[in-house]
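Student: I have a chain open on my screen and would like to talk it through with you. Could we begin with one residue pair and work outwards?

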Amino acid sequence: MNTAKTLLSSDLCERRAWYSLRWAAPFLAPKEILYLAVEHGLCSTGDAGESAESHAMDLCVDPGVDTSEEDLLGLAQHIASLANFLAWLLRGSQTPYKRPETISLPDGTPWTSGAFLNGSETHLRRVVLVDRWDSWTQLAMERSWDVAGECSVYGVGIDCVVVELGSLRKGRWSNPFTRAYRHPVAKTLRFKKRDGDDFGSTWIKVEREHDNASREDWLDAMGDDGVLAESIHVLSMEAPQRGSAIIALAQSKLERIWAAGEPPEENLSMCYDRIHPCPFRACCPRGLEPSSETGFVPFP
Ligand code: SF4
C-alpha cells in the first residue's frame, strides 16, 4: 500500500490503518480494481487499454470483487471495459508512466508514492476518479495525502486528471465512458441532445462493453456532443507552502500507527462509510481480528 493511502486510512480510522499495514483484504472494492487496472495500463509497455482491461479481469478473479451484486461476470466486464477506455484515453501516445522513487522522510520513515512522474520527470501527476466533481470535491482533493502529501514530500507540483464517473449503482457507473444512445436506423452514436431533451424511445441505449464501436469512434462521438470536456477536468497545483508542517504531520501519524502494539480504538461511524467502505467490516465490527481463516492475507 502506498503511504498516502495508509494516511487516508488513518484519517478514517486508525485501527483500519493499523490492520492495513498487516493484512491484505480478501476482496477489492470495484473502484479500487478500476484504479489499479487503469494505473497498470498507464505503466504498461503494450497497449495501455488492453493491459488495463486484462488486469481488471485478473483482479476480479483474484483476489475478487467486494460486492453484493449477483452478476459478477457482468460487473467484471463493466470494470474491465471502463479501465480499457480510460487507460487508452489518458495515456494517448505518451510513453509508459513511471512512479517516483521511494524516499525517506526526515525521520527516516520511507514514503512510497502512489503518484506518477510527468513526462519530463519534473512534476508529479495522477489520475483521480471521482463520483462527482464540484468545489467540495476539489477542496478535498487539494488537501488530500494523495495531493498535498505527495507534493510536500517530493517538493514539486502535481497535475491531476480528474475523471467524473458518477455513482456505482447496481454494478454500473453510468457516464459517457460507459453508455450512449444509438439511432435505430442511422446507427449514429450520441450522448446528449443539444437542446437538452431526452432521446426518444426509439433510440437504443447501448453499453460500451457490449457495443462494437471502436475506442476512437466512441471518443469522437463524445467530443462531438461536448461530453468529453464535461467528464474530464485537468488541474495543476504547486507544492503547498506549509509543506514541512504536512510532512511533520505525516511522520507523527505514521509513527503512531507503526508503534502501536495492539489495534487502536475503533471509529464506529466509518465502518460502513459508502465512499470509503472499510475492508475490515466483515470481521472487526463483530469483535474479530482479521485472520487467514477469515480470508485475509498477512503481509510478510
Ligand atoms: S471496521 Fe470500523 S472500527 Fe474496524 S477498522 Fe474498519 S472502520 Fe475501523
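Tutor: Let us begin with Val162, whose bridge partner in E12 is His233. Please keep in mind throughout that this is a predicted model.

Student: How many bridges join E6 to E12, and which way do the two run?

Tutor: Strand E6, which covers residues 158-164, is joined to E12 by six bridges, and the two strands run antiparallel.

Student: And what is the order of the strands in that open sheet?

Tutor: The order is E4-E5-E6-E12, four strands in an open sheet whose pairing is mixed. The edges are strand E4 (116-117) and E12, each of which pairs on one side only.

Student: What comes after E12, and where does Arg242 lie?

Tutor: Arg242 lies in the loop between strand E12 (232-237) and helix H10 (243-259). Arg242 has 12 other C-beta atoms within 10 Å, and 12 or fewer is the cut-off for exposed, so Arg242 counts as exposed. The C-alpha atoms of Arg242 and Ala148 are separated by 9.4 Å, although these residues are 94 apart along the chain.

Student: Ala148 is in H7, I think. Which residues of H7 are buried?

Tutor: Ala148 is indeed among the buried residues of H7, together with Trp145, Asp146, Val147, Gly149, Glu150, Cys151, Ser152, Val153 and Tyr154.

Student: Why is H7 described as largely enclosed?

Tutor: Helix H7 spans residues 145-154, and 10 of its 10 residues are buried, so the helix is largely enclosed by the rest of the structure. H7 is followed by Gly155, which has a positive phi, near 65°.

Student: Changing topic, what is the order of the three-stranded open sheet?

Tutor: That sheet has the order E10-E9-E11, and its pairing is antiparallel. Strand E10 (189-190) and strand E11 (204-207) are the edge strands, each pairing on one side only.

Student: How many bridges does E9 make to E11?

Tutor: Strand E9, residues 179-182, is joined to E11 by four bridges, and the two run antiparallel. Within this pairing Ala180 stands opposite Val206 in E11, while Arg179 has Glu207 of E11 as its bridge partner.

Student: And what about E9 and E10?

Tutor: Two bridges join E9 to E10, again with the strands antiparallel, and Leu189 in E10 is the bridge partner of Arg182. E9 and E10 form a hairpin with six residues between them, and Lys187 in the turn has a positive phi of about 65°.

Student: Is Gly226 buried or exposed, and where does it lie?

Tutor: Gly226 lies in the loop between helix H8 (215-224) and helix H9 (228-231). Gly226 counts as exposed because it has 12 C-beta neighbours inside 10 Å. Leu189, which we met in the hairpin, is 37 residues from Gly226 in sequence and 13 Å away in space, C-alpha to C-alpha.

Student: Stepping back, which domains does the assignment give?

Tutor: The domain assignment gives domain 1 as 10-97 + 262-290, domain 2 as 107-163 + 230-259 and domain 3 as 177-226. The C-alpha centres of domain 1 and domain 3 lie 29 Å apart. Their contact takes nine residues from domain 1 and six residues from domain 3.

Student: Which helix gives the largest share on the domain 1 side?

Tutor: Helix H5, residues 72-91, gives the largest share of the side of domain 1 that touches domain 3, with eight residues. By class, that side has five nonpolar, four polar and no charged residues.

Student: There is a ligand too. Which residues are closest to it?

Tutor: Cys13, Glu266, Cys271, Cys278 and Cys284 are the closest of the 13 residues that surround the ligand. The shell around the ligand divides into eight nonpolar, one polar and four charged residues.

Student: Lastly, how many helices and strands does the protein chain have, and how compact is it?

Tutor: The secondary structure comes to 10 helices and 13 strands. The radius of gyration is 20 Å, close to the 19 Å that the globule rule gives for 300 residues, so the protein chain is as compact as a globular protein of that length. Along its principal axes the C-alpha trace spans about 65 × 45 × 35 Å, and buried residues make up 32% of the 300 residues.

How values were computed. Residues numbered from 1 in each chain as written. Predicted model: local features only at pLDDT ≥ 70, side-chain atom pairs only at ≥ 80, totals over all residues. Near = placed C-beta within 6 Å. Nonpolar A, V, L, I, M, F, W, Y, C, P; charged D, E, K, R; others polar. Buried ≥ 20, exposed ≤ 12 C-beta atoms within 10 Å, placed from the backbone. Pairing = 2+ DSSP bridges. Domains from an automatic or database assignment. Contact = placed C-beta atoms within 7 Å. Rg over C-alpha atoms; globule rule 2.2 N^0.38 Å.
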